[in-house]
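Please take a moment with the sequence and the structure shown below, and keep both in view while you read. The paragraphs that follow lead through the helices, the sheet and the cores in turn.

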Amino acid sequence: MSLPTQRRIIQNAWVVPNLEQACLKWVEEMGVGPFFVSEFDMDVFSFIEYRGEPSELCLKVAVAHAGNLQIELIESKTPKSAYRDVVAEGCGGFHHMCVSTEDFEADRKYFEALGYTAANMGRISDLEFAYYDTRALLGCMFEVVTRTQSFEERYQEIANSSENWDGENPIR
């Protein structure tokens, strides 16, 4: 079977009502960390769409590694987004699995041909991303991101930080 994206899940993500509290719970109860926090507002996106229309997206994100899998925690500040399609405001829950691709356009065509539309799609610098609404199949969204050099370097840096992590400085 020929698929446009390598189907190795590289990330699982949860929407949370309070990012810092969620990070500390993962650290204390699951031993996952350290978490690297970033804030994204409209200044960083060259474009954002929600269900095919121009939109806004503002969120705080924390990422850490649990073995070979990246854990992403998301505090959404945007009422109309892929995050709110799955998890109601003020609640927490599993949101998506993520894969990376070398051919974003081929993946877009592939998912659309299957009937999975992009809930959110956007670009930050050279990185494109889309959250496909695969809830009918998977019960969650399915994110595809471009596999750029900067993405790969940051992913590896975060993965390396978890190896032999001593529990110090859990939120960075």
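Which strands do the buried residues of H1 pack against? In this predicted model, the buried residues of H1 pack against S1, strand S2 (36-40), S5 and strand S6 (69-76). To see how this comes about, begin with the helix itself: H1 covers residues 19-30, and its twelve residues reach 16 Å from the first C-alpha to the last, close to the 16 Å expected at 1.5 Å a residue. Its buried residues are Leu19, Ala22, Cys23, Trp26 and Val27, and because they cover an arc of only 135° around the axis, they lie on the same side of H1. An α-helix has 3.6 residues a turn, so residues three or four places apart point the same way. On the other side of H1, by contrast, Gln21, Glu28 and Glu29 are exposed.

The two ends of this helix also deserve a look. At the N-terminal end of H1, Asn18 acts as a cap, with a side-chain oxygen that lies 3.3 Å from the backbone nitrogen of Glu20. Just after H1 comes Gly31, which takes a positive phi of about 70°.

The strands that H1 meets belong to a wider arrangement, an open sheet of ten strands with mixed pairing, and its order is S2-S5-S6-S1-S7-S10-S9-S8-S3-S4. The edges of this sheet are S2 and strand S4 (53-54), each of which pairs on one side only. Strands of a sheet pair through backbone hydrogen bonds, either parallel or antiparallel. Following the order inward from S2, you reach S5 and S6, which run antiparallel and are joined by eight bridges; here Val61 stands opposite Ile74 in S6. Further along, S1 and S7 also run antiparallel, joined by five bridges, and Trp14 stands opposite Phe94 in S7.

How are S7 and S10 paired, in the parallel or the antiparallel sense? They pair in the parallel sense, over six bridges, and one bridge partner in S10 is Thr146, which is matched with Thr101. Seven of the nine residues of S7 are buried, so this strand is largely enclosed by the rest of the structure. Thr101, which is found in strand S7 (residues 93-101), is itself buried, with a relative accessible area of 1%. A polar atom of the Thr101 side chain lies 3.0 Å from the backbone nitrogen of Asp103.

Toward the other edge of the sheet, S8 and S9 pair in the antiparallel sense over six bridges, with Ile124 opposite Leu127 in S9. The hairpin of S8 and S9 has two residues between the strands, and in it Ser125 takes a positive phi near 55°. S8 also pairs with strand S3 (residues 47-50), again in the antiparallel sense and over four bridges, and Glu49 stands opposite Met121 in S8. Because five of the seven residues of strand S8 (residues 118-124) are buried, S8 is largely enclosed by the rest of the structure.

A further helix, H5, can be read in the manner of H1. At 1.5 Å a residue its 14 residues should span 20 Å, and its end C-alpha atoms are 21 Å apart, which agrees. Phe151, Tyr155, Ile158, Ala159, Ser161 and Ser162 are buried in H5, and, seen down the axis, the buried residues fall within an arc of 160°, so they line one face of the helix. What covers these buried residues includes S2, S5, S6, S7, S9 and S10. After H5 comes Asn164, whose phi is positive, near 60°.

With helices and sheet in place, consider what fills the interior. In soluble globular proteins, nonpolar side chains tend to be buried together. The largest nonpolar core here has 24 residues, and those with the most contacts inside it are Leu57, Leu59, Tyr83 and Phe129. At least two residues of this core come from each of strand S1 (11-15), strand S5 (59-66), helix H2 (82-86), strand S9 (127-132), strand S10 (141-146) and helix H5 (149-162). A second, separate core has 13 residues, including Cys23, Val32, Ala64 and Leu73. Returning to Leu59 and leaving aside its neighbours within four places in sequence, its contacts include Phe40, Phe45, Ile74 and Tyr83, and among them are also Ser38, Glu39 and Lys77.

Note on methods
Residues numbered from 1 in each chain as written. Predicted model: local features only at pLDDT ≥ 70, side-chain atom pairs only at ≥ 80, totals over all residues. Heavy atoms only, no water. Core = buried A, V, L, I, M, F, W, Y, C linked by side-chain atoms within 4.5 Å. Buried < 20%, exposed > 50% of the residue type's maximum accessible area, 1.4 Å probe, protein only. Contact = heavy atoms within 4.5 Å. Pairing = 2+ DSSP bridges. Expected span 1.5 Å × (residues − 1). Arc of directions from axis to C-beta. Polar contact = N/O pair within 3.5 Å; in protein donor to acceptor, adjacent residues only side chain to side chain.
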